Structure formats: structure tokens, C-alpha cells
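Student: I've got a model open and would like to go through its labels with you. Can we check what stands behind them?

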Amino acid sequence: MPANRRRQSPEQVRDWIVQGVERLGLEEVGRRAAFRYGYRLLEMSGLVTAQIAQRHEQRFPAARRLAVADQQSANNVLWFGMSEQARLRNLTAVVDGECPCRGTRQIRAVYGEGQDQLAMLCPVHAQASIRAQREGNRQELPGGRA
């Protein structure tokens, strides 16, 4: 994808997408997308560790180009839609490195001795629980709470 600022036709952008997938392979594109989504979920919650940030920067060294690619991807979905299979595949988030929850699905905040420990659901590993809460479905949450 060129770095110039000219607007490109949707057909040209789709051609570049196809070229990129052919060059990297569908499996690698999916793997990078899952890492990108995991990073984004942690970033929105202010939970990106130095290790995760370093790996993200290695994978996507040009932040501006990544932002443009994200925008073009969103535009492509807006105008041309997405299959149900692609939508479900895009819900996969992976952390490249050790997640702040360490696989427990909860991230604890400790304030001091003798105080209650607060916890939040991990935005990457507890996606199903978070989605259920947002939709109003009351399912069993970690720690035995309903």
C-alpha cells in the first residue's frame, strides 16, 4: 500500500488487500489480525504491558500505516459487508506475550493491606462473559458470582 496521501479507489484498495494476503498467506494474516485485536482490547483498557507493546511494534512498525490500514478495513466492511463466517473469525483475540490476567480471566487491583481486592474481567480472555453481560444474559462469572 503506497504511503502517498492521495485517495485511492475502492477497487485499488481491495487489490492491495489481495496482494497482501497472497504475499503473507491467509493463516499469517489471520494470526496478525488476532494479535492486533488482542492488543487493541488491552489498549482500550490501559492494560498493555511493555512486553506486549514491544512485540506489537515489531509486528507493526509503522503506526501511521497501521492506522490507515485499520481505517481502510473498516471502510471496506462498511461498504461491502462481511460474511457471518468472517464476523465470527474476527472475534478471535490473542495476546502476544504474557497477558496481564496470566490466564485467569481476571485482572486484580490491589490497593493496600487489609483492603478488598478489586478485579476486572480480562478484555481478551473473558470476552464471552463480557459479551454476555452487555447483552443482558446472566451467566456464571469467574469467582462464583452470577
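Tutor: Sure, we'll take the salt bridges and burial labels, then the cavity and the pocket. Keep in mind that this is a predicted model.

Student: Why is the contact between arginine 31 and glutamate 28 called a salt bridge?

Tutor: The label needs a side-chain nitrogen of Lys or Arg within 4 Å of a carboxyl oxygen of Asp or Glu. Here the N to O distance is 3.0 Å, so the pair passes the cut-off.

Student: What makes glutamate 28 and arginine 32 a salt bridge?

Tutor: Their closest N and O atoms are 2.8 Å apart, and the limit is 4 Å, so that pair counts too. Put together, Glu28, Arg31 and Arg32 form a network of salt bridges.

Student: How are these residues placed along helix α2?

Tutor: Arginine 31 and glutamate 28 are three residues apart in α2, so about one helical turn separates them. Glutamate 28 and arginine 32 are four residues apart in that helix, again about one turn. An α-helix has 3.6 residues a turn, so residues three or four places apart point the same way.

Student: Why is glutamate 28 called buried or exposed?

Tutor: Buried means under 20% relative accessible area. Glutamate 28 has 19%, so it counts as buried.

Student: And what are the labels for arginine 31 and arginine 32?

Tutor: Partly exposed runs between the 20% and 50% cut-offs. Arginine 31 is at 40% and arginine 32 at 26%, so both get that label.

Student: What makes arginine 59 and aspartate 96 a link between distant parts of the chain?

Tutor: Their side chains meet in a salt bridge, 2.9 Å from N to O. The two residues are 37 residues apart, with arginine 59 in helix α3 and aspartate 96 in the loop between α5 and β1. Arginine 59 and aspartate 96 are both buried.

Student: How do you know which residues line the largest cavity?

Tutor: A lining residue has an atom within 4 Å of a cavity point. Arg59 and Asp96 are on that list, including also Phe35, Tyr39 and His56. Helix α3 gives the most, four residues, and the cavity holds about 60 Å³ of space.

Student: What makes the largest pocket something other than a cavity?

Tutor: A probe cannot get out of a cavity, whereas a pocket is an open set of points. The largest pocket has a volume of about 1,900 Å³, and α2 supplies the largest share of its lining, eleven residues.

Definitions and conventions:
Residues numbered from 1 in each chain as written. Predicted model: local features only at pLDDT ≥ 70, side-chain atom pairs only at ≥ 80, totals over all residues. Heavy atoms only, no water. 1 Å grid on protein atoms, 1.4 Å probe; cavity = no way out; pocket = protein on both sides within 12 Å on 5 of 7 lines; lining within 4 Å. Points joined across faces, edges and corners; volume = space filled by probe spheres on them. Buried < 20%, exposed > 50% of the residue type's maximum accessible area, 1.4 Å probe, protein only.
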